[in-house]
Amino acid sequence: KGMSFVRGSALDLVHHRLFIADQSNSRILVFNLDSSNNLIDRIADYVLGQPDFITNTGSTTQNGINTPISIAYDPDNNRLFLADTLNNRILIYDLSSGITNFMNASYVLGQPDFITATANTTQNGLNSPSDGMVYEPLTQKLFLADQSNRRVVVYDLSSGITNGMNASYVLGQADFTSSAGALTQSNFHGPRAVAYDVLSKQLFVSDDVLGGTANRILVFDATSITNGENAVAVLGQVNFTSNATGVSQSLVTRPFSMQFDSVNRR
């Protein structure tokens, strides 16, 4: 019944399940919901990343996890995406045949295999993927805040998934081998979270703290993505080079996680 430092969650409205990233226990808890997507009880029905509900050892294997932070769900293909942060990778679970405790992940991104955890600044590598991950079903793109690389990487999954595949695009850097932080219209200091508006096709990225303080949210036009493109707007600051802090209607201080409500446009 216990959890330790819950970070991310995802809701499956089709099969009526709630996924919780139980970070310090290095596991994902799965709760079955009723037909109205309400909790049936407060006891998890399945666990991923651990062999049982009383073990919390981090590991680098096909069925193990080490410090999960962010999760996203693909309702069309019944896939769960997990940012396995200390393993510098994304695990992808194919749930189309159901869920079993300690089941293997089907694919891995950011690493060439399931037993490697090296941090890299490359087109197919990652370095501490963070709280930010969102899946866009219409174009089958996965947006991920690769925090320590000070970038957001975009995987186009419309043609399928292969282990260690290259990201298709990068935001926050001019290329896939750069990782310098900067307070500009096209760079980040430390991207933490992402949110996506399916109607306007805009990507929101909270730029928090990593080697500097940004205190802002950058907005990108994701209609047609190009590497290193400029943000189209900034929230929390008056321009793209300011990083003021304060408690006011127009400022933000260390923005963390985000969600976007496309129905009510906020």
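**Paired strands, loops and the largest pocket**

Colleagues, I begin with one residue pair: leucine 171, in β12, is the bridge partner of valine 152. A strand here is a DSSP run of E of at least two residues, while a helix is a run of H or I of at least four, and both are numbered from the N terminus. Two strands are said to pair if DSSP finds at least two bridges between them.

Before going further, I should state that this is a predicted model, in which local features need pLDDT of at least 70 and side-chain atom pairs count only at pLDDT 80 or more, whereas totals for chains, interfaces and linings use all residues. Residues are numbered from 1 along each chain as its sequence is written, and side-chain values use heavy atoms, with hydrogens and water left out.

Let me return to β11. Strand β12, residues 169-171, runs antiparallel to β11, and three bridges join the two. Strand β10 is also antiparallel to β11, with six bridges between them. Within that pairing, arginine 151 in β11 stands opposite aspartate 146. How much of β11 is covered? Five of its six residues are buried, so the strand is mostly covered; buried means under 20% relative accessible area, exposed over 50%, and partly exposed in between, with a 1.4 Å probe and protein chains only.

The hairpin of β10 and β11 has four residues between its strands, and arginine 150 in this hairpin takes a positive phi near 55°. Asparagine 149 is found in the loop between β10 (141-146) and β11 (151-156). Is asparagine 149 buried or exposed? Asparagine 149 counts as buried because its relative accessibility is 1%. Its side chain makes a polar contact of 2.7 Å with the side chain of aspartate 146. A polar contact is a pair of N or O atoms within 3.5 Å; within protein, one must be able to donate a hydrogen and the other to accept it, and residues adjacent in sequence count only if both atoms are side-chain atoms.

I turn now to the open sheets. As a general reminder, strands of a sheet pair through backbone hydrogen bonds, either parallel or antiparallel. One open sheet has four strands in the order β1-β2-β3-β4, paired in the antiparallel sense. At its edges stand β1 and β4; each has a single partner strand, so one side of each is left without a neighbour in the sheet. The twist from one strand to the next averages 20°, where axes are lines fitted to C-alpha atoms (for helices, over the stretch in contact) and angles run from 0 to 180 degrees between N-to-C directions. Strand β2 (residues 17-22) and strand β3 (residues 27-32) run antiparallel and are joined by six bridges. Aspartate 22 stands opposite arginine 27 in β3.

Another open sheet of four strands follows the order β5-β6-β7-β8, again with antiparallel pairing. Its edge strands, β5 and β8 (107-109), each pair on one side only. Here too the twist averages 20° from one strand to the next. Three bridges connect β8 with strand β7, residues 89-94, in the antiparallel sense. Leucine 109 in β8 stands opposite isoleucine 90.

Some residues outside these strands also deserve attention. Threonine 67 lies in the loop between β4 (46-48) and β5. Although not a glycine, threonine 67 has a positive phi, near 70°, and with a relative accessible area of 14% it is buried. Arginine 254, in the segment after β16 (233-235), is likewise not a glycine and has a positive phi of about 50°. Alanine 117, in the loop between β8 and β9, is partly exposed, with a relative accessible area of 28%.

Finally, the largest pocket. Its space is about 910 Å³. On a 1 Å grid over the protein atoms alone, a pocket is an open set of points where a 1.4 Å probe fits, with protein on both sides within 12 Å along at least five of seven lines, and lining residues have an atom within 4 Å of a point. Of the 31 lining residues, Ser9, Ala10, Met133, Val134 and Gln259 are the closest to the centre. Which strand gives the largest share of the lining? That strand is β9, with six residues. By class, the lining has 21 nonpolar residues, seven polar and three charged; Ala, Val, Leu, Ile, Met, Phe, Trp, Tyr, Cys and Pro count as nonpolar, Asp, Glu, Lys and Arg as charged, and the others, Gly among them, as polar. Thank you.

Conventions. Points joined across faces, edges and corners; volume = space filled by probe spheres on them.
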